[in-house]
Amino acid sequence: MDGNGRWAKARGKKRTYGHKVGSKNVDKIVSHAFKRGVKVLSLYAFSSENWERPQEEVNELMRLLKVYFTKFLGKVIKNNVRLSVMGDMSKLTPELQELIAKDIEASKNNTGSILNVAINYGGRQEIVYAVKKLLEQGEDITVEGISQNLYTAEFGEPDLIIRTGGDIRTSNFMVYQSAYSELYFTEKFWPDFNEEEFDKAILNYSQRKRRFGRIEEE
Ligand code: IPE
Ligand code: MG
């Protein structure tokens, strides 16, 4: 969900205003994705590197996360969606940690799609964490073993990764899991990304041939 800051600057507003507007876009896209049949939707909300931003901006992002997990998630949960989070939650305020834990608990028996929110998340850190777990358990370090100890162990790898905002990079997102993910980049800033844009990404994805290093079947 990239481009909030530039979206706001282009309107002569502060970056924090862009985050506020961007956060209002989340529900719309989440509902639309689930309506389209997406089984697992991951949102890159806050990276382990985002702490380096000015304190005012970090505070606003944390405030918006609090609002999101307080208010909006209720709706998602009622639609039989299960919440999952990935990242190091220990750096969040106890209040935010509790809110998240409550939403996870409240949705744990939901059997529909999964909403996975990445907060204080870094893909490289995640790999280190997975390897450390294997070592602690005295297990071999294998490709499958690492996969099974990532935050995404239960639901696997993303088929499609969409990045808004025009930058062509993945910025420490699902470094291990994205080896064979299809990537889609759009110039649209996150606050302007809508249902139509989402459908464009899905259509584009549906026209690709995924070979996973093999050759195409005749
Ligand atoms: C949102 O966009 C990303 C986060 C939630 C941290 P940015 O804040 O990165 O916006 P740009 O890229 O500066 O425009
Ligand atoms: Mg950015």
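Trainee: If Ala, Val, Leu, Ile, Met, Phe, Trp, Tyr, Cys and Pro count as nonpolar, Asp, Glu, Lys and Arg as charged, and the others, Gly among them, as polar, how many residues of each class does the shell around ligand 1 have?

Mentor: The shell has 2 nonpolar, 5 polar and 5 charged residues. This is a predicted model, where local features need pLDDT of at least 70 and side-chain atom pairs pLDDT 80 or more, while totals for chains, interfaces and linings use all residues. Residues are numbered from 1 along each chain as written, chains are lettered from A and ligands numbered from 1 in written order, and side-chain values use heavy atoms, without hydrogens and water.

Trainee: Which residues surround ligand 1?

Mentor: With a heavy atom within 4 Å as the criterion, they are M1, D2, G3, N4, G5, R6, R15, H19, A45, N50, R53 and E57.

Trainee: Where do its oxygen atoms meet polar atoms of R53 and G5?

Mentor: Taking N or O pairs within 3.5 Å as polar contacts, a ligand oxygen lies 2.7 Å from a side-chain N or O atom of R53, and one lies 2.9 Å from a polar backbone atom of G5. The protein covers 88% of the 390 Å² of accessible area (Shrake-Rupley, 1.4 Å probe) that ligand 1 has on its own.

Trainee: Which helix gives the most to that shell?

Mentor: Among helices (DSSP H or I runs of at least four residues), α1 gives the most, with 3 residues; α1 (4-9) and α2 (15-35) each supply at least two.

Trainee: Switching topic, how do α2 and α3 cross?

Mentor: Their axes, lines fitted to C-alpha atoms over the stretch in contact, with angles from 0 to 180 degrees between N-to-C directions, come within 10 Å and cross at roughly 20 degrees, α3 being residues 55-78. The two helices are therefore roughly parallel, a term for angles under 35 degrees.

How values were computed
Polar contact = N/O pair within 3.5 Å; in protein donor to acceptor, adjacent residues only side chain to side chain. Nonpolar A, V, L, I, M, F, W, Y, C, P; charged D, E, K, R; others polar. Parallel < 35°, antiparallel > 145°, perpendicular 65-115°, else oblique.
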